[in-house]
Structures are given as structure tokens and as C-alpha cells.
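Some questions and answers on a predicted model follow. Burial, packing and cysteines are the topics.

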Amino acid sequence: MLRISRTLKLARATVRKYARAETFPERAVRVPGPSILDPFLQYLEQRHATGCANALALWREIRARGFGGTSRQVHRWLQTRRTAPARSMPRMRCGNAPNPTNPRPNGSFPSPKQMAWLCVQPQSALAATEAATLARLKQDAEAARVLALARRFCELVRERGVTHGAELTSSCATPATFEQWLAEARTCGVRTVETFAQGLEQDGDAVRAALTTPWSNAQAEGQITKLKFLKRHMFGRASFNLLRRRVLLTA
């Protein structure tokens with residue numbers, strides 16, 4: 001039993017249990033219980049029969065009919081019935097004819113982190129393929145709203161960057177513009193963006209001061225982060241004299 005346990009990488013108690021069993025221990029078939037999706041299955045089947053294979057769109061439709069669950073539940077239901085990529089879904093990985101503006105395999109999108117990075121880049125800094133990827137992303141109305149809000153917020157922040165000087169260089173970095181962006185973000189219909197806007201509202205005074213004054217603690221925070229990195233790099237055992245020498249040598 002010990003050799004079986006090591007070969008199969010099972011606990012010895014498990015091996016002993018199966019070895020002493022008089023018959024083969026059949027695994028019980030799990031019977032799924034009732035789901036909050038059940039009252040909407042007939043409608044989903046009808047919409048799926050008409051060719052709609054967009055889980056997010058189906059979730060929005062049944063949510064308007066009273067469904068209180070998440071889009072993930074609809075996605076799991078649809079995943080077991082999907083036999084081919086939906087041609088009407090711009091965000092799906094499509095195996096049809098390749099897109100000449102997007103050299104990625106199967107026309108797939110970049111990873112979420114890469115996509116988020118593209119969304120906050122200036123339009124002038126994007127390559128042709130990256131701009132084409134964002135153009136595909138904007139085919140979805142919700143994604144287009146998030147992208148527009150993200151870019152406008154990044155413009156507000158960049159206008160107060162050190163490369164733009166201490167004074168406002170354009171009309172976009174003004175308190176009124178920030179208030180307008182905040183109002184739109186709080187009511188955009190995307191929970192993540194609305195939560196982010198609520199967090200900015202809670203720190204409203206600090207955010208408004210950062211957008212309207214030339215003062216910044218970025219240099220101080222950067223130096224503190226540098227000191228912490230050096231301290232952790234030496235496993236917290238560095239004395240003040242050694243830490244001082246490391247800082248001066250790397251300056």
C-alpha cells in the first residue's frame with residue numbers, strides 16, 4: 001500500500017479505503033439543485049436559438065426582466081451550448097478570416113493587463129495595430145464608455161504632470177472639467193468605474209488640490225519608496241550608516 005500511495009501520490013488512508021472495499025466504489029452523480037436562472041431558461045433558449053451568443057447581452061436582457069444574478073452565471077450556461085464563436089461578438093476570439101489590421105493569432109485580444117495599458121495611453125503613442133485593437137474594443141457600447149472615461153481622466157492627470165509645468169496648459173485640467181467627469185463616471189452604469197469615482201469623491205479635496213495646485217509630494221514619495229526598497233533588499237538588517245552609504249552610492 002505504501003508503494004501504491006507513493007506511485008499514485010495518494011494518501012495512505014485513501015489507498016487503504018479502496019483496497020479494503022468489497023466492490024468498486026462508484027462515485028455518486030451530483031444532481032444540480034435549483035438555480036435562480038431557472039425562471040429565465042426558456043427565454044435564454046429562445047434567444048440562443050435565434051443566434052444570440054453574447055453572454056453579456058443576454059445577461060442584460062434577463063436582468064431587465066428581474067434576474068438578480070451575475071453575468072458569470074449566464075456565461076457558464078452559454079458555454080456548455082456554444083459550438084462556435086459568435087460572429088456578432090467583437091470581443092470574442094474569432095477563428096474566421098484573419099484581420100489584416102490585427103496580427104494576433106485567431107484575432108484574439110491582448111491580455112487584460114495589456115489592454116488596460118493601451119486604454120490609458122495617448123492616441124499619438126499607439127501603433128497602428130494597437131489603435132486597430134482599441135477600435136475593435138469600442139464596438140461594444142459599454143467598453144467604449146469605459147475607454148472614453150479612462151482617457152479623459154488620464155488627460156486630467158497628465159495636464160498636472162511635471163512635464164507640463166506648474167501652470168494649467170489647457171482647459172481640460174480645470175475643476176469644472178473634473179466635476180463633469182466625476183458626475184458622468186458615477187452614473188456610467190459600469191460598477192467598477194462607479195466605485196472608482198466614489199473613491200475619488202471621498203478624497204475629493206485631495207484630488208481637486210492635485211489638479212489645481214502646482215504642489216506635489218511625488219518626489220518625497222519616490223525617495224521613501226527607494227529607501228524602503230533598499231531596506232528590504234538587505235532583509236531589514238542594514239544599519240543607518242550602511243543604508244546611508246547605499247543611498248549615496250546609488251544617487
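Buried here means under 20% relative accessible area.

Q: Which residues of helix α5 are buried?
A: Helix α5 spans residues 71-79. By the cut-off of under 20% relative accessible area, its buried residues are Gln73, Val74, Trp77 and Leu78.

Q: Why do these residues lie on the same side of α5?
A: The directions that count run from the helix axis to the C-beta atoms. The buried residues are on the same side of α5 because they cover an arc of only 130° around the axis.

Q: Which helices do the buried residues of α5 pack against?
A: Packing is judged by contact, with heavy atoms within 4.5 Å. On that basis the partners are α3 (41-49) and α4 (55-64).

Q: How many helices and how many strands does the protein chain have?
A: Read along the sequence, the pattern is α-α-α-α-α-α-α-α-α-α-α-α-α. The count is 13 helices and zero strands.

Q: What percentage of the residues of the protein chain count as buried?
A: The protein chain exposes about 18300 Å², and carbon and sulfur atoms supply 56% of that area. Of its 251 residues, the buried portion is 26%.

Q: Is Cys119 buried or exposed?
A: Cys119 has 13% relative accessibility. The cut-off is under 20%, so Cys119 counts as buried.

Q: How many disulfides does a search of the whole structure find?
A: A disulfide needs a pair of cysteine sulfur atoms within 2.5 Å. For Cys119, the nearest cysteine sulfur is that of Cys154, 9.3 Å away, and Cys119 is in no disulfide. Over the whole structure, the number of disulfides found is zero.

Technical notes:
Residues numbered from 1 in each chain as written. Predicted model: local features only at pLDDT ≥ 70, side-chain atom pairs only at ≥ 80, totals over all residues. Heavy atoms only, no water. Buried < 20%, exposed > 50% of the residue type's maximum accessible area, 1.4 Å probe, protein only. Helix = DSSP H or I, 4+ residues; strand = E, 2+ residues; numbered from the N terminus. Areas by Shrake-Rupley, 256 points an atom, 1.4 Å probe, with all protein chains shown as cover.
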